[in-house]
Amino acid sequence: MNPLVLYHLTALLLLGFGLFGLTSRKTLVGMLISVELMLNGAGLALVASARLTPAVDAVGQIGTLLVMGLAAAEATLVLAIILVVSKRYGSVETIDISKLKG
Amino acid sequence: MENITEYLNCLVEYLKYPVFGIYLVLIVVGGLTAVLSKNLIRALIGLILTLFGVAGMYFLMSAPFIALMQILIYVGAVTVLIFFSIMLTRAPDGDAGMETDGKKINKQVILALISGLAPAFILGIIIFQKMPGALPLKPETSITILGGLLVGPYSLAFELISVVLFAAMAGAVLLGFERRDKK
């Protein structure tokens, strides 16, 4: 197997872990951890494609940097949302906050 | 001197796959801990292990700047944020960061397995069938080139990510203030 396939399979593994965690976790914090796993897989696939194919190397690396910036912004916002939800509902379990009023 | 360089190159060729294997083990163990552990602090430690494994893979692809940014941003900032959110959401009766056992756990885990495996299976088939051969590793791109692209042709993306970060930060502060007013 060539290195490109190996790196992409690793990224795919991270995506699979993330999707599994996102659907099986019962708290918002656990889901946030799974999303970070998936974003890491995306970054790994980007850098592997940039480094090991004829694509322009620097663009792939910049893309990964932007993904990291977005992940940081997303984590900040999710932290604030989790704080508000835990104050308002007294819990961060998804089952407690999935009911609509009406 | 010639011999030593040749020997070192040979050594690097041989060490490539074992080192990749070590990082892969880090990623797999950390990922499994991150998605399976009932204790969210342990899940967070697993996430950090995975992040270090991915950073190692960046080093292996000779992209050291990305690897250092990975350690700085993810391990340094994002995991601290997640740790804060675990710490601040303690349930009144329980410990901080523990997931309770649900009733329909088996069904949920099976459905989650399907949802994780199905895209991985499809994309895995595509990877095995369509992936082009790998080129030998390019020479390392210097930070000067990356910075030049960020302030040159890709300055719009750079500015937009700044706006997104600012909006996220302002939104977080706003949400935090709203919570304090209501109390």
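How many of the 102 residues of chain A count as buried, as a percentage? I looked this up before anything else, and I found that 58% of them do. A note to myself before going on: this is a predicted model.

**Entry: chain A as a whole**

I listed the elements of chain A and found 3 helices and 0 strands. Reading along the sequence, I wrote the pattern down as α-α-α. Then I looked at the overall shape. The C-alpha atoms of chain A fill a box of roughly 55 × 25 × 20 Å along the principal axes. The radius of gyration of chain A is 17 Å, whereas a compact globule of 102 residues would have one near 13 Å. I also looked up the contacts in chain A with a separation of 6 or more, and 49% of them come from residues 24 or more positions apart.

**Entry: two helices of chain A**

I began with α1(A), which has 22 residues. At 1.5 Å a residue this helix should span 32 Å, and its end C-alpha atoms are 31 Å apart, so the two values agree. I noted that α1(A) is mostly covered, with 16 of its 22 residues buried.

Next came α2(A), with 25 residues. The expected span is 36 Å and the end C-alpha atoms are 36 Å apart, which agrees. Here 21 of the 25 residues are buried, so α2(A) is largely enclosed by the rest of the structure.

**Entry: Asp57(A)**

Is Asp57(A) buried or exposed? I found 21 C-beta neighbours inside 10 Å, and a residue needs 20 or more to be buried, so Asp57(A) counts as buried. I placed this residue in helix α3 of chain A. Setting aside neighbours within four places in sequence, I found Asp57(A) in contact with Ala50(A) and Arg51(A) of chain A, and with Lys138(B) and Thr141(B) of chain B. I also checked Val47(A), which is 10 residues from Asp57(A) in sequence and 8.1 Å from it in space, C-alpha to C-alpha.

**Entry: where the chains touch**

How many residues of chain A are in contact with chain B? I noted 64 residues of chain A, facing 74 residues of chain B. On the chain A side, the elements that give two or more residues are α1 (3–24), α2 (28–52) and α3 (57–89). The largest share comes from α3(A), with 24 residues. I sorted this side of chain A by class and got 40 nonpolar, 19 polar and 5 charged residues.

**Entry: chain B as a whole**

Chain B has 6 helices and 0 strands. From the N terminus on, its elements run α-α-α-α-α-α. Of its 183 residues, 21% count as buried. Among contacts in chain B between residues at least 6 apart in sequence, I found that 46% join residues at least 24 apart. The domain assignment gives domain 1 (1–94) and domain 2 (141–183) of chain B, and I noted that their C-alpha centres lie 24 Å apart.

**Entry: helix α1 of chain B**

I followed this helix through residues 2–36, which makes 35 residues. From first C-alpha to last it reaches 51 Å, close to the 51 Å expected at 1.5 Å a residue. Where is the kink in α1(B)? I found it at Leu15(B), shortly before the proline Pro18(B), with a bend of about 35°. The buried residues of this helix include Tyr23(B), Ile27(B), Gly30(B) and Gly31(B). Ala34(B) and Val35(B) are buried too. I looked for what the buried residues of α1(B) pack against, and noted α1 and α2 of chain A together with α2 (40–60) of chain B.

**Entry: two single residues of chain B**

Ser62(B) caught my eye, with a phi near 45°, a positive value in a residue other than glycine. Most residues other than glycine have a negative phi. I placed Ser62(B) in the loop between α2 and α3 (64–88) of chain B. It has 13 C-beta neighbours inside 10 Å, so Ser62(B) counts as partly exposed.

My last stop was Glu159(B), in helix α6 (residues 155–182) of chain B. I found 12 C-beta neighbours inside 10 Å, so Glu159(B) counts as exposed. I also noted that Glu159(B) and Tyr14(B) are 145 residues apart in sequence and 43 Å apart in space, C-alpha to C-alpha.

Key: Residues are numbered from 1 along each chain as its sequence is written. Chains are lettered from A and ligands numbered from 1 in the order in which they are written. This is a predicted model: local features need pLDDT of at least 70, side-chain atom pairs count only at pLDDT 80 or more; totals for chains, interfaces and linings use all residues. Two residues are in contact if their C-beta atoms, placed from the backbone, lie within 7 Å. Helices (H or I, at least four residues) and strands (E, at least two) are DSSP runs, numbered from the N terminus. Ala, Val, Leu, Ile, Met, Phe, Trp, Tyr, Cys and Pro count as nonpolar, Asp, Glu, Lys and Arg as charged, and the others, Gly among them, as polar. The expected span of a helix is 1.5 Å times one less than its number of residues. The bend at a residue is the angle between axes fitted to the seven residues ending there and the seven starting there. The radius of gyration is taken over C-alpha atoms; the globule rule is 2.2 Å times the number of residues to the power 0.38. Domain bounds come from an automatic or database domain assignment.
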